[in-house]
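Hi,

Here is the structure I said I'd pass along. Have a look, and my notes follow underneath.

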Amino acid sequence: MEEKLQQLKERLATIADLLRAGAVLGWDQQTYMPPGGVQARADQISTLQRLAHEYQASEEMGQLLDDLKPYEAQLDYDSDEASLIRFTRREYERETRVPGDLVAETAKTVALATQVWAKARKENDFASFEPLLSRVFELQIRWAECFAPYDNIYDPLIDLYEPGMTYEKVSAVFSGLKPELVALVAALSANQDAVDDRPIHQHWAQDSQLAFGREIAAALGYDFERGRLDLVPHPFTTAFSPDDVRITTRVDENHLASSTMGTIHESGHAMYDQGVSPALYRTGLDTGTSFAIHESQSRLYENIIGRSREFWRCFYPRFQKAVGKGLSKVDMETFYRALNISQPSLIRVEADEVTYGLHIILRFELENDVVNGRVKVTDLPKEWNARMEAYLGITPPNDADGVLQDVHWSFGYVGYFPTYLLGTVFSVQLWQQMLKDHPDIPAQVEAGKFETVLGWLREKIHRHGRKFTMPELAERVVGGPLDWQPYIAYLRAKYGEIYGL
Ligand code: ZN
């Protein structure tokens with residue numbers, strides 16, 4: 001059996017190398033590649049992905065997994081070996097259930113859909129995108145059907161991004177949260193004059209912004225010996241191994257905080273990848289376990305720590321000095337309030353902590369309605385706008401800033417959106433558990449000390465890599481399932497105080 005396990009590990013190492021090499025090419029494409037490189041790069045990445053898929057879905061892989069079944073049954077569920085076999089089997093089953101022609105047709109359709117979407121968004125022309133979007137949804141439905149039986153056809157799509165989650169489990173969180181968020185947004189909207197965000201809308205040179213972002217990322221514990229920061233139009237984090245995890249940011253020279261907060265967010269993702277146990281290297285388990293757990297790390301650093309008074313009590317004097325005279329007469333409290341302004345807005349990626357969740361719930365509901373045949377793709381703009389009005393009290397003036405704003409659906413990423421909010425909800429549960437274990441953490445943050453925070457996350461989350469799903473991690477770390485109540489209590493306390501409710 002040891003020999004079979006060794007053979008499995010060798011195959012997984014090959015797959016890991018192929019995928020990580022593809023990630024290097026992808027990073028280069030989004031940072032430094034000249035425009036002329038596009039076609040060759042697409043060919044190279046798709047070759048690497050095809051080879052990885054062939055290894056993953058091969059008969060030899062299926063045989064090895066079968067042979068290892070009795071061995072796996074004797075192992076401790078939490079052991080590296082059992083987790084490795086369990087994870088690989090899940091991936092194998094996913095890779096082999098879907099017929100090759102469906103995979104190929106989806107790849108072709110989304111390549112075209114992303115182009116058409118970009119043009120449609122620019123020209124505010126939903127009608128030109130609608131036939132392709134309908135096709136994408138049809139293909140996603142066919143993909144999901146490969147995983148029957150299920151309670152809801154949306155389940156396999158959710159499970160792809162968040163293993164172990166289903167419509168029902170997500171709905172249990174979102175349906176509790178929704179009325180609370182709608183009420184809080186309305187209360188804050190009625191009190192808009194309480195916060196003035198003009199102090200953060202000032203000019204600050206790019207180089208100085210980047211230098212400050214680097215200083216903060218390093219202070220939090222992002223290891224620049226095993227990473228680097230580059231400029232891109234759409235920020236992301238990517239890992240080539242736990243020892244080379246890259247972050248990116250964009251700079252708005254007329255906003256004092258967006259690049260810094262974005263860098264903190266990406267550092268949260270990156271520290272997760274940097275913290276995976278070396279024992280999992282080249283097994284496929286050596287990265288973050290799911291999109292929601294990843295987002296719980298980035299949101300914890302960005303929002304709970306990075307938008308707190310304690311954090312800015314420590315960094316504001318340096319920040320003030322770095323920005324220069326624009327902030328010389330702005331006190332920390334004024335800046336803190338400006339940084340945490342909450343107001344309904346059209347674009348999800350620019351939304352604040354309070355309104356953000358409703359942007360996600362809207363997409364979750366629409367996806368569920370479309371894949372279940374209750375809403376037609378042609379009616380999405382109308383449905384979108386009606387929900388924006390009902391939840392946030394604003395109606396998009398056009399589809400470009402409404403239903404066309406996100407790239408996800410054109411990529412075929414149906415089921416992805418919920419992970420953003422699930423992770424955000426979980427970040428508060430993690431934070432509360434961390435404070436129970438270390439009540440002095442707020443004082444440490446105020447002193448600019450982040451070792452305890454990172455050490456706790458390393459121990460509870462990072463080192464496990466992909467061994468456990470989100471529901472399994474939640475059980476192990478906070479002793480129960482995802483719970484929306486601590487999250488809404490956190491928002492009410494923080495924003496109630498800022499807005500004087
Ligand atoms: Zn993120």
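At the start of α22, D483 puts a side-chain oxygen within 3.0 Å of the backbone nitrogen of Q485. Bear in mind that this is a predicted model, so treat what follows as a reading of computed coordinates.

The helix itself covers residues 484-499, and its length checks out: 16 residues at 1.5 Å a residue should span 22 Å, and the end C-alpha atoms are indeed 22 Å apart. Just past the other end of α22, G500 has a positive phi of about 60°.

Which residues of α22 are buried? They are W484, P486, Y487, I488, Y490, L491, K494, Y495, G496, I498 and Y499. Note that the list takes in K494 alongside several tyrosines, Y487, Y490, Y495 and Y499 among them. The cover over these buried residues includes α9 (167-189), α12 (291-305), α14 (332-339), α15 (353-371) and α18 (418-437).

The other spot I looked at is R387, which sits in helix α16 (residues 380-392). Is R387 buried or exposed? It counts as buried, because its relative accessibility is 14% and the cut-off for buried is under 20%. Its side chain has two acidic partners to look at: there is a polar contact of 3.1 Å to the side chain of E383, and another of 3.3 Å to the side chain of D369. Beyond its neighbours within four places in sequence, R387 touches L362, E365, L366, D369 and L392, so D369 turns up both in that contact list and as a polar partner.

Cheers

Methods. Residues numbered from 1 in each chain as written. Predicted model: local features only at pLDDT ≥ 70, side-chain atom pairs only at ≥ 80, totals over all residues. Heavy atoms only, no water. Helix = DSSP H or I, 4+ residues; strand = E, 2+ residues; numbered from the N terminus. Expected span 1.5 Å × (residues − 1). Buried < 20%, exposed > 50% of the residue type's maximum accessible area, 1.4 Å probe, protein only. Contact = heavy atoms within 4.5 Å. Polar contact = N/O pair within 3.5 Å; in protein donor to acceptor, adjacent residues only side chain to side chain.
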